[in-house]
Amino acid sequence: MNNNSKKFGTAPVFFTAISTILGAILFLRFGYAVGTLGFWGVILIIFLGHLVTIPTALAISEIATNKRVEGGGEYFIISRSFGLNIGATIGIALFMSQAISVAFYVIAFTESFEFLFNFLQEKYNFALPRQVISLPVMALLAILIIKKGANLGVKALYFVVAILLVSLVLFFLGTTGHADSTTYSLSHAELRNPQDFFIVFAIIFPAFTGMTAGVGLSGDLKKPSRAIPLGTTLATISGMIIYFFIVYKLAKSAPVEDLIEHQLIMSKIAVGGAIVIPLGLAASTISSALGSVMVAPRTLQALALDHAFPSKKVNRWLAAANVKDNEPKNASVVTAVIAFVFVALGDVNAVASIISMFFMVTYGSLCLISFLNHFGSSPSYRPSFRSKWYISLTGFLVAVWVMFKINTPYALLSFAVISLIYIYINHYHKYRKGFASIFANALFQLNRNLQILIQNKNSKKTHKEWRPSAICISKDSFKRDKAFLLLNWIAFKYGFGTYLHRIEGYYSKSTVQTAKNESERLLSMFSDVGNHVYIDTLISPSYTSAIAQAIQIPGIAGMENNMIIFEYDKDNPDNLEDIIDNFSLVNSGDFDICILASSGKSIPFKNGIHVWINSLDSENANLMILLSFIILGHPDWKKGYIQIFEICLPERMEETRQKMKELVNSGRLPITAKNIKIIPQEPNVSRKAIINQYSEKAGLTLIGVREELVKHEKEKLFEGYDTIGTTLFVHSKYQKEIE
C-alpha cells in the first residue's frame with residue numbers, strides 16, 4: 001500500500017460530515033416537516049434523531065481512539081468488535097445503505113432544477129421525467145469517482161462547503177411579507193398532526209446521518225484516532241444547532257400552506273433565493289453524493305478483503321485496487337450500478353425511509369459495541385476518549401425502538417433478512433468467532449459484581465433462605481451419568497450445581513492436558529441433556545484431598561456451597577468405603593450430605609419419587625421433602641409425582657396420622673394427604689424390607705441417614721436395598737424450614 005495515499009487530516013472528516021448533514025433533506029423536506037408537524041414537532045424529531053446520532057458519534061470516537069481504524073470505517077469498527085461474521089452481516093447492510101444514499105442524493109440534486117420542470121410544465125404542458133437529468137448526473141459522478149477517486153471528492157468538498165455556507169447565511173438574512181405582517185414567538189409555536197410524527201421522522205432522519213460520513217475515509221487519514229473523534233463530534237453538534245435555528249426561521253417566515261406545498265420554500269425566504277437555494281441544494285447534494293460514493297466502495301472493498309462473500313474470485317475482484325493510490329476501482333463500479341438502479345426507480349421520500357432503516361441498524365450496533373465494551377472489554381481496550389455507558393445504551397435502545405415505530409413489519413423484515421445473511425455467512429465461515437468474546441466478558445463482569453453484591457447482602461442477614469448449592473465429585477463420569485443427572489435436576493430451577501470430574505494423580509503438565517481433554521469431552525457429552533450445571537475437573541492424588549479442595553471452593557452463583565453429593569455403584573460399591581471414611585470430614589463443615597446409590601436400572605420417571613421419613617428424624621425429613629419438590633420441577637419428571645411414606649409402630653398409627661394431617665393443614669408439608677402413606681411396622685419385619693416392598697418400582701427413592709449410624713454401621717447401613725432402583729441417602733446438617 002502506498003503511504004502517500006493516507007494523507008488526509010481532520011478537515012475532510014468534518015467537511016464530509018457537515019456537508020452531508022446540511023444536505024438534501026434540509027433543502028427539500030424541512031419546510032414540509034415544519035408545515036406538517038409544526039415547530040415543536042420538528043424540534044422533537046431533531047431531539048429524538050440526535051438521541052441516536054450523538055451516542056453513535058461518541059461511540060465511534062471512543063472505538064477509533066483505541067486502535068487505528070483501517071479502511072471501511074464503520075464496517076471495520078463493527079467487524080473488529082463483534083467478529084467478522086456479524087461484522088460482515090451488518091457491513092453488507094451498511095454498504096447497501098451507503099450505495100442507496102448515492103442514488104438518494106442524486107435524486108435530490110435533480111430537484112434543484114425544479115425551475116426547469118415548472119417552466120416546461122407551465123409553458124408547454126410537458127412533464128419532463130426527472131431521470132432525464134438524474135441518470136446523466138449519476139453517470140458523470142460514476143466516471144469522475146472511478147477515474148479520479150477520493151482525491152477529487154475531498155478537493156470538491158471545500159468548494160461545496162463554501163457554497164453551502166453562503167446559502168445558509170443568505171437564508172437567515174432573508175425575510176418575507178408573512179414574517180413582517182405576523183408576530184411569531186415560541187409561545188405561539190405548535191405541535192400538529194402527532195399521528196404523522198414517525199412518518200415524517202423516517203423522511204427527515206437521513207439529514208442527521210452524515211456525522212459518520214467521514215469515518216469511511218479512515219483508511220486514507222493520517223491520524224484516524226484524532227481526526228474521527230474531532231471531525232464527527234464537531235459536525236454532529238454543529239449540525240444540530242444549525243437545524244434548531246433553521247426550523248425557527250421556517251416556522252416564522254412562511255404560512256403552513258406554503259411550507260407543505262413548496263418543497264423549495266427556502267428559496268422564497270433567502271436573499272436571492274431563486275438562485276442561491278437551488279445552487280446550495282445542488283452543491284450539498286453533490287457533496288453528499290461524493291461523500292457516499294467515496295465511502296461505499298471502501299466498505300465493499302473492506303468486506304471483500306475479509307472474505308465476506310462465498311466466492312474467492314468475487315472477493316479478489318472486489319478487493320482489487322489501483323497500485324498508485326489504493327482506490328477501490330471495482331468496488332466503485334458495483335456501487336455505481338446499485339446507485340443507477342435506485343436513481344431510475346426511486347423517489348426522495350421512499351429512498352429516505354429505506355436509508356433510515358438501514359442506518360438505524362448500523363448505529364444501534366455501534367452503540368451496543370460501545371456499551372458492551374464498558375463492561376466486557378479486554379485489558380487491551382484502552383481508548384483515549386471514552387463515552388458513557390448510559391449514553392451508548394440510550395443510543396442502542398432508541399435506535400431499536402424507532403425502527404419499530406417507523407414501520408413494525410419492515411423492522412421485523414429487516415431483522416429477518418439480517419438474520420438470514422448471518423446464518424449464511426456463519427455457515428461458510430464456521431471457524432470465525434468474535435461476538436461471543438465481548439459478550440462473555442460483559443457477562444463475567446456482571447456476574448462478578450452480582451456475586452460481590454450478594455456476598456455483602458448475605459453478610460448482613462440474620463436469617464438466610466435455604467436453597468441447594470451442591471458439589472458433586474466423581475471419577476466415574478464416563479461410566480455412569482446418574483450423579484450428573486441428579487445435580488442437573490437440582491440445579492434446573494431452584495438450585496446451583498458444580499460437577500467436578502476427578503483426575504487421579506499429581507498436578508503436572510500431563511494431568512493438566514488430561515483434565516482439558518476430559519473437560520471438553522464432558523461438555524460435549526452433556527451438551528444435549530439441557531445442562532444447567534457448571535462442569536469442571538479437579539486434579540488430586542487422593543479422594544480425601546479432592547474433597548478437602550472441593551468443599552473450600554466458592555459457589556458459582558455468589559453463594560457458598562451447602563451440599564455435597566457422593567456417588568457409588570450399587571452393584572459394585574468399590575468407592576463406598578472412601579465415601580464413609582470422608583463423611584465426618586464433610587460433616588465438620590456446614591454441608592448437607594447426599595449419597596447416591598446408582599442402579600444399573602433405567603429410571604422410570606412416571607413412577608415418581610418415594611420419600612421415606614421418620615417422625616423422630618425431622619431434620620432429614622424436611623430436607624428430603626424439599627429436595628423431592630426441587631427434583632420434580634425438572635422436565636424429566638413432568639409425569640412423576642411425590643409419595644411420602646412413614647413407618648411407625650402399630651399402636652402409634654393414629655397419633656402419627658394426626659400429626660401428618662396437622663402438618664398438611666398448616667402448610668408446613670406442601671403435599672396432599674392422598675400422597676402420604678403411613679405403614680405399620682410388623683414384628684420381625686425390618687424397615688429395609690418394607691422399603692424394598694413399596695419402592696421396588698419407584699423412579700427415585702430418598703432415605704434419611706444419621707451421622708452416628710454412618711459411623712457405627714458403615715457399609716452395612718447402605719446395604720440391603722437390592723430390590724429398589726437408584727437411591728438417594730440424605731443427611732441434613734440442620735433442620736430446614738418448610739414455610
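This is a guided tour of one protein chain, stop by stop, for use in a viewer.

The model is predicted: local features need pLDDT of at least 70, side-chain atom pairs count only at pLDDT 80 or more, and totals for chains, interfaces and linings use all residues. Residues are numbered from 1 along each chain as its sequence is written, and side-chain values use heavy atoms, with hydrogens and water left out.

**Whole chain**

Start with the whole chain in a cartoon view. The protein chain has 27 helices and 10 strands. Helices (H or I, at least four residues) and strands (E, at least two) are DSSP runs, numbered from the N terminus. Of the 739 residues, 53% are buried; buried means under 20% relative accessible area, exposed over 50%, and partly exposed in between (1.4 Å probe, protein chains only). A contact means heavy atoms within 4.5 Å. Among contacts with a separation of 6 or more, 83% are between residues 24 or more positions apart.

**The sheet**

Now select the strands. In what order do the 10 strands of the open sheet lie? The order is S3-S2-S1-S4-S5-S10-S9-S6-S7-S8, and the pairing is mixed. Two strands pair if DSSP finds at least two bridges between them. At the edges are strand S3 (534–540) and strand S8 (676–680), each of which pairs on one side only. On average, neighbouring strands of this sheet are turned by 25° against each other, direction ignored. For such angles, axes are lines fitted to C-alpha atoms, for helices over the stretch in contact, and angles run from 0 to 180 degrees between N-to-C directions. Strands of a sheet pair through backbone hydrogen bonds, either parallel or antiparallel.

**Strand S9 and its neighbours**

Select residues 700–704, which form strand S9. Four of the five residues in S9 are buried. Strand S6 (residues 609–613) runs parallel to S9, and four bridges join them. To see one bridge, show Trp612 and its partner in S9, Ile703. S9 is also joined by four bridges to strand S10 (residues 727–731), again in parallel. Here Thr701 has Thr727 of S10 as its bridge partner. Between S9 and S10 the chain passes through helix H27 (residues 707–713), and this β-α-β crossover is right-handed. Right-handed means that, with the strands pointing away from the viewer, the path from the first strand over the helix to the second runs clockwise.

**Strand S7 and helix H26**

Go back to S6 and add strand S7 (residues 642–648): five bridges join these parallel strands. Val611 stands opposite Ile644 in S7. Next add helix H26 (residues 687–694), which packs on the sheet and touches S6, S7, S8 and S9. The direction of H26 makes about 160° with that of S6. Which residues of H26 are buried? They are Ile690, Ile691 and Asn692, and their cover includes S6, S7, S8 and S9.

**Ile471 and helix H21**

Move to Ile471, in strand S1. Ile471 has a relative accessible area of 0% and is therefore buried. Not counting residues up to four places away in sequence, Ile471 touches several residues, including Thr498, Leu500, Ala550 and Ile553. The C-alpha atoms of Ile471 and Ile553 are separated by 9.6 Å, although the two are 82 residues apart along the chain. Helix H21 (residues 543–550) lies across strand S1 (469–474), strand S2 (496–504), S3 and strand S4 (563–569), and runs at about 135° to S3.

**Two helix pairs**

Leave the sheet and select helix H9 (residues 197–204) with helix H16 (residues 389–406). Their axes come within 9 Å and cross at roughly 115°. H9 and H16 are therefore roughly perpendicular to each other: angles under 35 degrees count as roughly parallel, over 145 as roughly antiparallel, 65 to 115 as roughly perpendicular and the rest as oblique. Show Phe198, Phe201 and Ala202 in H9, which meet Trp401, Val402, Lys405 and Ile406 in H16.

Then select helix H4 (residues 84–110) and helix H17 (residues 408–428), whose axes come within 9 Å and cross at roughly 135°. That makes H4 oblique to H17. Residues making the contact include Ile86 and Ile92 of H4 and Ile418 and Tyr422 of H17.

**Last stop: Ser387**

Finish at Ser387, in the loop between helix H15 (348–376) and H16. Is Ser387 buried or exposed? Its relative accessibility is 6%, so Ser387 counts as buried. Leaving aside neighbours within four places in sequence, Ser387 is in contact with Leu58, Glu62, Ser370, His374 and Ser392.
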